[in-house]
Amino acid sequence: MAPKKKFGAFKIECLQFEDRMMYEEELEILRTVIEDQQTHIEALEEDKQEVTTLKIEIHEKKETFKALQVNSDEELKAMKTITYNQNKEIEALKSKAGDDHTKHEISVQNMEKVIEKERQKVANLESKIEEERKKFTKKDGDLKALRIVTDIQTKRIRALDSEASKDLQKHEATVQNLSKVIEKDKKEAKHWESKIKEEKMRVKESRDKHKHLVDQLRDKIECPVCLEVPRFGPVPVCPNGHLVCLNCKSELCPTC
């Protein structure tokens with residue numbers, strides 16, 4: 001019965017070792033998944049940095065647009081001031097009617113030509129300003145579209161962050177549970193190891209007892225001539241109860 005118990009205990013130890021290896025493999029897989037999630041989170045952080053850079057560029061473009069608008073408005077005001085001053089000069093020249101009427105008419109015509117040129121310049125500047133406004137209006141629309149895209153990406157990043165945090169919490173809980181199971185299995189393995197040691201001690205004691213009994217039996221039944229235990233019967237016995245094998249049998253008992 002003792003060898004059978006030993007075989008059963010060894011089988012249980014093998015099963016416990018296989019379970020332990022399986023738990024360690026699952027733990028390694030979970031660690032790999034957690035590292036992938038961390039890499040994904042780092043990629044999301046890089047996307048956030050790109051969005052921040054894009055916002056800074058949009059702010060700089062807005063400031064540039066405002067500066068251009070201010071410069072254009074200042075130029076237009078200056079041209080209007082010049083035109084207003086020139087109109088005042090024309091009115092002053094017209095009020096000086098007299099002997100120099102011809103000269104004044106020529107001057108007026110020249111001034112009108114100059115004014116026409118200035119008006120054309122003003123018109124050109126106004127058309128340029130309008131074109132610039134259209135361009136900046138288009139850019140403003142692009143900025144709005146970029147804001148919408150940025151908001152969508154921000155929402156996606158937040159959603160991915162929340163999912164990643166949830167997955168990380170789940171994996172951490174799974175790892176903790178597996179650690180508890182592994183710790184429990186280790187305790188059970190130690191318990192079975194102690195039982196196996198006790199069983200080995202019992203088997204050793206049984207073997208020692210068996211050997212002691214065999215030695216005692218050998219002393220009683222071995223042949224006193226050849227010192228061997230008879231393997232086949234019949235075994236001759238003298239009237240005093242001394243044994244001898246068939247090969248060493250004689251008329252006289254060697255022990256007596």
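A residue is called buried here when its relative accessible area is under 20%, exposed when that area is over 50%, and partly exposed in between. By this yardstick, 17% of the 256 residues of the chain count as buried. The structure is a predicted model, and it is helpful to begin with the confidence that comes with it. The mean pLDDT of the chain is 77, with 85% of the residues reaching 70 or more. A stretch to treat with care is residues 1–7, where pLDDT stays under 50 and the model has three contacts beyond four places in sequence. Where pLDDT is low, the predicted coordinates should not be read in detail.

The chain has two helices and zero strands. Helix α1 covers residues 2–95, and helix α2 covers residues 101–221. Among contacts in the chain with a separation of 6 or more, 62% come from residues 24 or more positions apart.

Several individual residues show how distant parts of the sequence come together. K48, a residue of helix α1, is a convenient starting point. K48 touches I157 and D161 when residues up to four places away in sequence are set aside. Although K48 and I157 are 109 residues apart along the chain, their C-alpha atoms are separated by 7.8 Å. The relative accessibility of K48 is 32%, and K48 therefore counts as partly exposed.

A second long-range pair involves K139, which is found in helix α2. K139 and I58 are 81 residues apart in sequence, while the C-alpha to C-alpha distance in space is 9.9 Å. K139 is classed as partly exposed because its relative accessibility is 47%.

H171, also placed in helix α2, gives a further view of such contacts. Leaving out residues up to four places away in sequence, H171 touches L30, V33 and I34. With a relative accessibility of 17%, H171 falls under the 20% limit and so counts as buried.

Turning to charged side chains, a search of the whole structure finds two salt bridges. One of them joins the side chains of E118 and K121, with an N to O distance of 3.9 Å. Both residues lie in helix α2, three residues apart, which is about one turn of the helix. The two partners differ in accessibility class: E118 is buried because its relative accessible area is 15%, whereas K121, at 47%, counts as partly exposed.

The other salt bridge links the side chains of E199 and R202, again at 3.9 Å from N to O. E199 and R202 are three residues apart in helix α2, so about one helical turn separates them. E199 counts as buried because its relative accessibility is 15%, while R202 counts as partly exposed at 48%.

Aromatic side chains were examined as well. The search of the whole structure finds zero aromatic pairs. A charge does sit over a ring, however: K195 lies over the face of W192, at 4.9 Å from the ring centre.

Readers planning to look at the cysteines will find that the structure holds zero disulfides. C238 is in no disulfide, and its nearest cysteine sulfur, that of C253, is 3.6 Å away. Likewise, C253 is in no disulfide, with the sulfur of C238 as the nearest cysteine sulfur at 3.6 Å. The cut-off explains this result: a disulfide requires sulfur atoms within 2.5 Å, so the pair does not qualify. C238 counts as buried because its relative accessibility is 14%. C253, at 22%, counts as partly exposed.

Finally, the backbone at L227 deserves a look. L227 lies in the segment after α2. Most residues other than glycine have a negative phi. L227 has a positive phi of about 60° although it is not a glycine. L227 is exposed because its relative accessible area, 54%, is over the 50% limit.

Technical notes:
Residues are numbered from 1 along each chain as its sequence is written. This is a predicted model: local features need pLDDT of at least 70, side-chain atom pairs count only at pLDDT 80 or more; totals for chains, interfaces and linings use all residues. Side-chain values use heavy atoms; hydrogens and water are left out. Helices (H or I, at least four residues) and strands (E, at least two) are DSSP runs, numbered from the N terminus. Buried means under 20% relative accessible area, exposed over 50%, partly exposed in between (1.4 Å probe, protein chains only). Contact means heavy atoms within 4.5 Å. A salt bridge is a side-chain nitrogen of Lys or Arg within 4 Å of a carboxyl oxygen of Asp or Glu. Rings of Phe, Tyr and Trp (its six-membered ring) pair if their centres lie within 6.5 Å; planes under 30 degrees apart count as stacked, over 60 as edge-to-face and the rest as tilted. A charge sits over a ring if NZ of Lys or CZ of Arg is within 6 Å of the ring centre and within 35 degrees of the ring normal. pLDDT is the predictor's confidence in each residue, from 0 to 100.
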